[in-house]
Amino acid sequence: MSKDNYKSDGPCVACGHHREDEQCYHHLFTRKVYPEFAKFKWNQISVCQNCHNLFHSRGIAYMAETFRSVNDWLHSNDWFLCPAIKKWRRVGF
């Protein structure tokens with residue numbers, strides 16, 4: 001992964017497609033608000049441009065409900081669905 005442009009060489013975790021020129025990382029904690037988390041693997045989910053747009057327009061909860069693989073990725077990276085606020089949070093944050 002290039003640290004400058006955050007391009008991914010892996011398949012989209014959501015839909016599974018691998019479009020070489022369109023793969024990037026979606027940052028669950030945004031780079032603008034949380035620049036200190038930008039390079040942590042638990043904060044970067046590999047997605048194609050279409051699914052990246054869905055993350056931004058629909059949110060993490062929608063993506064986790066729609067794509068089992070996103071739900072699995074979140075759990076395997078210590079994220080959990082907080083029942084009180086119905087939002088995804090990371091353990092310890």
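I count two residues as in contact when they have heavy atoms within 4.5 Å of each other. With that settled, a reminder to myself: this is a predicted model.

**Entry: helix α3**

I began with α3, which runs over residues 68-76, and looked up its buried residues: they are Val70, Asn71, Trp73 and Leu74. Viewed down the axis of α3, these residues fall within an arc of 160°, so they line one face of the helix. I then checked the other side of α3, where Arg68 and Ser76 are exposed.

What covers the buried residues of α3? I found that the cover includes two helices, α1 (49-58) and α2 (60-66), along with the strands β2 (44-47), β3 (79-82) and β4 (87-90). After α3 comes Asp78, and I noted its positive phi, near 65°.

**Entry: the core**

Next I turned to the largest nonpolar core, which has 21 residues. The ones with the most contacts inside this core are Leu28, Phe55, Val70, Leu74 and Trp79. I also looked at where core residues come from: β2, α1, α2 and α3 each supply at least two.

Val70 and Leu74 were already in my notes as buried residues of α3, so to speak old friends by now. I followed Leu74 further and listed what it touches beyond four places in sequence: Leu28, Ile60, Ala64, Trp79 and Trp88.

**Entry: His27**

I picked out His27, which sits in strand β1 (residues 24-27). Is His27 buried or exposed? Its relative accessible area is 7%, so His27 is buried.

I then asked which residues His27 touches, leaving out those up to four places away in sequence. They are Tyr6, Ala38, Asn43 and Gln44. With Ala38 I also noted a distance: a polar atom of the His27 side chain lies 3.1 Å from the backbone oxygen of Ala38.

**Entry: cysteines**

How many disulfides does the structure hold? I found 0. Cys15 is in no disulfide, and the nearest cysteine sulfur to it, that of Cys12, is 3.7 Å away. My cut-off for a disulfide is a pair of cysteine sulfur atoms within 2.5 Å. Cys15 has 31% relative accessibility, so I logged it as partly exposed.

Why is Cys24 not bonded to Cys48? The closest cysteine sulfur to that of Cys24 is in Cys48, and at 8.1 Å it is too far for a bond. Cys24 has 8% relative accessibility, so I entered it as buried.

Key
Residues numbered from 1 in each chain as written. Predicted model: local features only at pLDDT ≥ 70, side-chain atom pairs only at ≥ 80, totals over all residues. Heavy atoms only, no water. Buried < 20%, exposed > 50% of the residue type's maximum accessible area, 1.4 Å probe, protein only. Helix = DSSP H or I, 4+ residues; strand = E, 2+ residues; numbered from the N terminus. Arc of directions from axis to C-beta. Polar contact = N/O pair within 3.5 Å; in protein donor to acceptor, adjacent residues only side chain to side chain. Core = buried A, V, L, I, M, F, W, Y, C linked by side-chain atoms within 4.5 Å.
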